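Here are a few exercises to work through with the model open beside you. Try each task before you read its solution.

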Amino acid sequence: MADIVLDNVTKRYPDGFEAVRDMSLQIQDGEFVILVGPSGCGKSTALRMVAGLEDITEGQLKIGGDVVNDRAPKDRDVAMVFQNYALYPHMTVRDNMGFALKLKGADKEEVNGKVEEAARILDLMQHLDRKPSQLSGGQRQRVAMGRAIVRDPKAFLMDEPLSNLDAKLRVQMRTEVSRIQQRLGTTTIYVTHDQTEAMTLGDRVAVMRTGLLQQVGSPMELYNDPVNLFVAGFIGSPAMNFMPATVEGDRVKLPIGDVRLPQQLRERIGRVDGSRSLIAGIRPESFEDVALVGEARDRGSTFRAQIEVLESLGSELYAHFTVTTDQSIESQELQELAEDAGAGEVPSSGEEGRIVARLDPNSRAEEGREAELWVDASQIQLFDPDDGRNLTTEQKGPAATGGGQSPMGREPDRAEQETEPGSAAGRTEPTTGG
Amino acid sequence: MQHTARERTFWLLAIVLVLFYALVPVIWMISLSLKPAAKLSTERGFFYGIFHPDTSNYDAIFSGSVFTRPLVNSLVVAGISTLIAIMLAAMAAYALSRLDFPGKTLILSGALAVAMFPPISIVGSLFNIWRDIGLYDTWAGLIIPYMTFTLPLAIYTLSAFFREIPWELEQAAQVDGATPFQAFRKVIVPLAAPGVFTAAILVFIFAWNDFIFANVLTSTNNARTVPPALAFFTGESQFEQPIGAISAAAVVVTVPIVIMVLIFQRRIVAGLTAGAVKG
């Protein structure tokens with residue numbers, strides 16, 4: 001067990017492509033950190049650099065205090081779980097799990113003891129003498145986990161370990177992974193493109209985009225205070241609704257109507273001379289049926305919308321409606337989000353934008369009928385369309401400090417090396433083409 | 001599937017025809033080898049030898065060193081050629097399938113070019129060179145050309161198999177603490193076993209069956225392998241034909257090939273069905 005420190009790590013390929021750019025991240029001993037982002041964002045490359053399967057072009061990687069940049073994978077004492085499990089097909093489950101120990105020269109009894117212990121944890125006892133081809137997908141996944149567990153390594157590295165499982169099994173194994181990690185207390189880096197996995201599994205989540213670390217923080221921090229458009233759109237399901245907004249004085253003009261901004265938000269945006277075009281982000285749960293709002297009604301404003309589709313999940317209702325706008329705003333980040341997940345569409349001039357609102361199941365909104373909805377103005381987030389920066393989030397120190405969750409705060413000198421939210425977003429500017 | 005009687009008759013006839021065509025030389029050879037020399041010209045029946053087996057030809061070929069010594073030569077030469085060729089080819093193929101280096105395609109096409117050289121075109125010069133450097137009529141003198149001529153095919157076969165093996169397996173082995181060579185030996189080679197055996201069979205058969213090199217590059221039983229040795233078989237007297245003995249020897253040299261294919265075929269099938277990586 002050990003802490004892992006990435007210090008301005010960069011991966012540049014011979015053709016000049018930078019898969020990971022200047023990434024700094026501190027992972028505490030025993031911490032469970034998720035690297036999340038759309039495909040091609042460099043999260044897997046980052047993980048493979050920690051494993052030693054990719055060379056580090058620049059920067060420093062420390063595992064347990066030792067610089068390991070030039071060490072071969074076998075000398076780093078980390079275990080990896082691959083997306084396709086990479087079980088050795090010619091070996092039994094027992095041999096698969098004991099392979100690393102045998103290579104280390106452990107004697108037979110020790111290997112057997114450890115393999116059986118891991119098999120008990122993973123409920124694989126009756127499959128020990130089978131070949132991987134005779135196992136189901138979930139069982140194979142557990143063998144891959146077992147192969148990592150028996151070694152008692154400094155860290156677990158998991159590269160989308162659940163993506164080959166069907167939905168039900170994935171949820172089951174997600175809990176399993178979490179349980180095992182808590183039980184063993186081994187430092188874990190987990191790569192996924194699934195934001196649900198990221199939100200549910202980790203102590204801290206690191207969101208990446210085009211090789212750059214966007215924000216590091218606890219799941220709730222990322223959800224409530226995303227530093228930029230990308231993080232806001234990526235985290236959360238259904239995704240945050242985006243729409244063009246014009247701030248004039250203390251009001252913001254949205255396609256759904258004018259909303260008076262609370263004092264707190266106005267202060268954070270700063271002084272606005274005349275009017276300013278921004279992108280507004282509203283989470284589905286910031287909407288509510290007016291009839292069910294009650295006292296909070298003063299905090300927001302109401303509007304009418306033609307409900308097109310109403311999805312009932314029992315505990316909640318999702319109301320889909322469209323808005324039209326005459327404003328036009330484009331953002332590179334949102335385009336990427338839209339390509340990746342179909343989320344984050346901002347309607348531009350004359351186009352219709354789809355909005356999802358989460359309503360209380362007691363709402364009497366009906367499909368095809370107009371309903372009166374309420375939006376919580378204090379929950380509106382406003383983003384700079386040029387660099388995607390969140391203007392409404394609380395401008396506190398480095399995002400990676402992670403509030404009370406992370407022990408990072410105790411070491412201020414370390415915290416300085418963390419990616420600062422502002423600068424991370426700022427560096428994307430060339431691509432946004434301001 | 002339902003077949004009409006006519007269809008069934010047709011297929012039955014076709015199968016018998018093909019089997020007959022394929023097996024006639026073999027049956028004839030076995031039949032001849034079991035016929036004593038005296039009956040060769042008197043008993044013309046195709047199956048005579050099989051119905052009246054007589055092992056005198058086999059006794060004859062195993063009694064002296066005329067056949068046994070070439071048999072040993074053949075086994076050693078083919079065996080060593082196979083071993084070296086597969087070892088070299090496995091390493092070369094591994095590099096070709098895993099590494100990206102300049103001149104990779106050049107090496108592959110160069111290997112192919114070597115395979116296309118007709119042996120007859122170089123056997124003359126080899127004869128002279130071998131005599132000069134003392135490799136003439138030695139095992140090494142045969143092993144070297146066999147190995148060289150079979151390497152390209154072995155490399156091609158093996159690199160195709162290596163390419164099928166997912167990278168992750170090797171990386172998993174490396175993360176598990178294996179050195180690159182350990183990963184190669186304990187994970188890649190066992191997984192490519194079907195390919196290794198296929199290549200081994202091809203190399204072995206080439207070396208075992210070769211006549212040209214063995215005929216030109218040897219002069220005595222010192223290194224002469226079975227195929228040219230058969231050509232030098234003589235009867236008891238110049239009036240006696242050694243056909244029976246040749247047939248018996250031919251049967252004997254066929255056996256190792258058949259056994260090898262049977263053994264390795266099981267490995268090949270077992271390897272191919274051993275199981276996928278993911279589900």
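**Exercise 1. Find which strand of chain A pairs with strand 6, and in which sense, parallel or antiparallel.**

Solution. Bear in mind that this is a predicted model.
- Start with the partner: strand 6 of chain A pairs with strand 7 (residues 155-159) of chain A.
- Next, the sense: the two run parallel, and four bridges link them.
- For a concrete position, look at Ala79(A), which sits opposite Phe156(A) in strand 7 of chain A.

**Exercise 2. Place these strands in their sheet, and work out why strand 6 and strand 10 of chain A each have one side without a neighbour.**

Solution.
- Write down the order: the sheet in chain A is open, has six strands and reads 6-7-8-3-9-10. Its pairing is mixed.
- Now check the ends. Strand 6 (78-81) and strand 10 (212-217) of chain A are at the edges and have a single partner strand each, so one side of each has no neighbour in the sheet.
- Finish with the twist: on average, neighbouring strands of this sheet are turned by 15° against each other, direction ignored.

**Exercise 3. List the buried residues of helix 2 of chain A, then say which helices they pack against.**

Solution.
- To count as buried, a residue needs 20 or more other C-beta atoms within 10 Å of its own.
- In helix 2 (residues 93-104) of chain A, that gives Val93(A), Arg94(A), Asn96(A), Met97(A), Gly98(A), Phe99(A), Ala100(A) and Leu101(A).
- Those buried residues pack against helix 3 (108-122) and helix 4 (137-149) of chain A.
- Look just past the end of helix 2 of chain A too: Gly105(A) has a positive phi of about 90° there.

**Exercise 4. Describe the side of chain B that touches chain A: how many residues, from which elements, of what classes?**

Solution.
- Count both sides: chain B puts in 21 residues and chain A 26 residues.
- Then sort by element: helix 8 (167-175) and helix 9 (180-191) of chain B are the ones that give two or more residues to chain B's side. Helix 8 of chain B has the largest share, with six residues.
- Last, the classes on chain B's side: eleven nonpolar, seven polar and three charged.

**Exercise 5. Work out how domain 1 and domain 2 of chain B meet.**

Solution.
- Set the bounds: domain 1 covers 5-51 and domain 2 covers 64-272 of chain B.
- Their centres, taken over C-alpha atoms, are 32 Å apart.
- Across the contact, seven residues of domain 1 of chain B face eight residues of domain 2 of chain B.
- The domain 1 side has five nonpolar, one polar and one charged residues.

Key:
Residues numbered from 1 in each chain as written. Chains lettered and ligands numbered in written order. Predicted model: local features only at pLDDT ≥ 70, side-chain atom pairs only at ≥ 80, totals over all residues. Pairing = 2+ DSSP bridges. Axes fitted to C-alpha atoms, helices over the stretch in contact; angles between N-to-C directions. Contact = placed C-beta atoms within 7 Å. Nonpolar A, V, L, I, M, F, W, Y, C, P; charged D, E, K, R; others polar. Domains from an automatic or database assignment. Buried ≥ 20, exposed ≤ 12 C-beta atoms within 10 Å, placed from the backbone.
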